[in-house]
Structure formats: structure tokens, C-alpha cells
Amino acid sequence: AMLSLFEALVERASGDLAWVDKLLLALEDQFVARMKEGVHAAKVVILLLSKLYLSRPNCLRELKWAIEQHCTQGTHIFAVSVDKEFTFREMQKWSVEEAFEADDGKGGVVRVGVETVRVVKKWVAQFNIYEEWLAEESEEAVRNQAAAVEKMISNAANPLQVQPVPRLEVRELPSGAVLAEGA
């Protein structure tokens, strides 16, 4: 429901269709290729961040491609926290020397590797992290969310300078996936 509301707000505010990698797309044979095309074609990438997101291989690929597009094309990245444990303030407390576990939403846990923590602290922390979606549902929360989307779209009109591209790689491990910065 939150994703649908977010998509509708973006489309209403920008007049453009929002491409979202929905669950149905995950069933397609060419999911990874389609996701990469979607990120590379985007003028703006909006990441819906949670600790669970940081444990998923395809989410980490999306994050990798978004950072590369940000560096090479000046693509805007807006990070939206959908997890109370994934706010800018909480992220600053994460140790770059420790992995951590997160709730998988099904009563289990997933591991977020130390390499992923390092990349996120280095790269995601430089983007605005919007926390309006953490509030309880109310008319005021919806107004604040709409205002945040308007701000994102307004900011997206400002060009960004390109910068050196990091060498990022996604590795799938028996314990999960990690996003690491290579040499």
C-alpha cells in the first residue's frame, strides 16, 4: 500500500510515470536486465531503504547501479527510509567494523555484511534520507509525504556534477549478499 501511494504521489507531482520494480517483475526471466535498464534510463532513482533491502542481492544491484549512474550521469538519488532503524541518525551509529542482523519480515533474520555497511555509510549517507514515511498514517503524514515528493522533484531539476565512479560489486554468499567496494 505504501509503495502504491508513493508511486501515485511521484506520478501526480511530476507528470511522469514512475517505474517501480514490483513483485510481478521479479517473476520475469529477464528481471535483472530489466531492472538495470530501468535504473540506467531513470532521471531520478528513489530508493526505499530498510535493513532488509540491504540484504537482498537485487536491491544491492539496484543500489550499485544507482550510485554508478549518480557518479557518471549526475542522476539524482533520493533515499526514503521505510524502516525506523534506517534513519540518517541511526545509520551514523552503525560501526563499519560490524555486520548486523535485520528482521526478514517473516519471523526470521537476515545478515547485512560489513562490506555493505561500509558502502552504505560512505555513499548513501551523502544523499538526503527522507523519513516522512515513518510516521503513522494520518492526513498530516500524507501532506508531509506529498511535500517531500514535491521537494524531490524540484531538486531533481538541478543538474549534478559527475564524479569518479566507485568500483562496486555485488557478491552473493551463503549467508546473504554483500555490496563491496573493490580496489
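**Group meeting: aromatic pairs, a buried histidine and a covered helix**

Okay, let's start with the rings: a search of the whole structure turns up 3 aromatic pairs. One of them is Phe78 with Tyr130, and that pair is edge-to-face, with 6.0 Å centre to centre and 70° between the planes. It ties together distant parts of the chain, since Phe78 is in strand β2, residues 76-81, Tyr130 is in strand β5, residues 129-130, and the two are 52 residues apart. Both Phe78 and Tyr130 are buried. Before I go on, please keep in mind that this is a predicted model.

Next up are Phe86 and Trp94. Their ring centres are 5.1 Å apart and their planes sit at 80°, so this pair is edge-to-face. Buried or exposed, what about Phe86? Phe86 comes out at 0% relative accessibility, so it counts as buried. Trp94 is at 9% relative accessibility, so that one counts as buried too. Now bring in Phe100: together, Phe86, Trp94 and Phe100 make one aromatic cluster. And have a look at what sits over the ring of Phe100. It's the charged end of Lys51, 4.5 Å from the ring centre.

Let me zoom out for a moment. The protein has 7 helices and 7 strands. If you read along the sequence, the order goes α-α-α-β-α-β-α-β-β-α-β-α-β-β. There are 183 residues, and buried ones make up 41% of them. Then the contacts: take those in the protein with a separation of 6 or more, and 68% of them are between residues 24 or more positions apart. The Phe78 and Tyr130 pair, 52 residues apart, is a nice one to have in mind there. As for the outside, the accessible surface comes to about 10400 Å², and 50% of that belongs to carbon and sulfur atoms.

Okay, on to a residue I'd like you to click on, His70. You'll find His70 in helix α4, which covers residues 57-73. Why does His70 count as buried? Well, its relative accessibility is 8%, and the cut-off for buried is under 20%. What does the side chain of His70 reach? That would be the backbone oxygen of Thr75, at 3.0 Å. If you leave aside the neighbours within four places in sequence, His70 is in contact with Thr75, Ile77, Gln126, Phe127, Leu160 and Gln163.

From there, let's hop to helix α6, residues 114-123. This helix is mostly covered, with 7 of its 10 residues buried. Which ones are they? Going along α6, the buried residues are Val114, Thr116, Val117, Val119, Val120, Lys121 and Trp123. Yes, there's a lysine on that list, Lys121. So what do the buried residues of α6 pack against? They pack against two helices, α4 and α5 (88-93), and against strands β3 (100-103), β4 (109-112), β6 and β7. And α4, remember, is where we found His70.

Last stop, since β6 and β7 just came up. Strand β6 runs over residues 168-173 and strand β7 over residues 176-181, and the two pair in the antiparallel sense over 6 bridges. A hairpin takes you from β6 to β7 through 2 residues. If you want one position to check on screen, pick Glu169, whose bridge partner in β7 is Ala180. And as a general reminder for looking at strands, side chains in a regular strand alternate between the two faces of the sheet.

That's my tour, thanks everyone.

Conventions. Residues numbered from 1 in each chain as written. Heavy atoms only, no water. Helix = DSSP H or I, 4+ residues; strand = E, 2+ residues; numbered from the N terminus. Buried < 20%, exposed > 50% of the residue type's maximum accessible area, 1.4 Å probe, protein only. Polar contact = N/O pair within 3.5 Å; in protein donor to acceptor, adjacent residues only side chain to side chain. Contact = heavy atoms within 4.5 Å. Pairing = 2+ DSSP bridges. Phe/Tyr/Trp six-rings, centres within 6.5 Å; stacked < 30°, edge-to-face > 60°. Lys NZ or Arg CZ within 6 Å of the ring centre and 35° of its normal. Areas by Shrake-Rupley, 256 points an atom, 1.4 Å probe, with all protein chains shown as cover.
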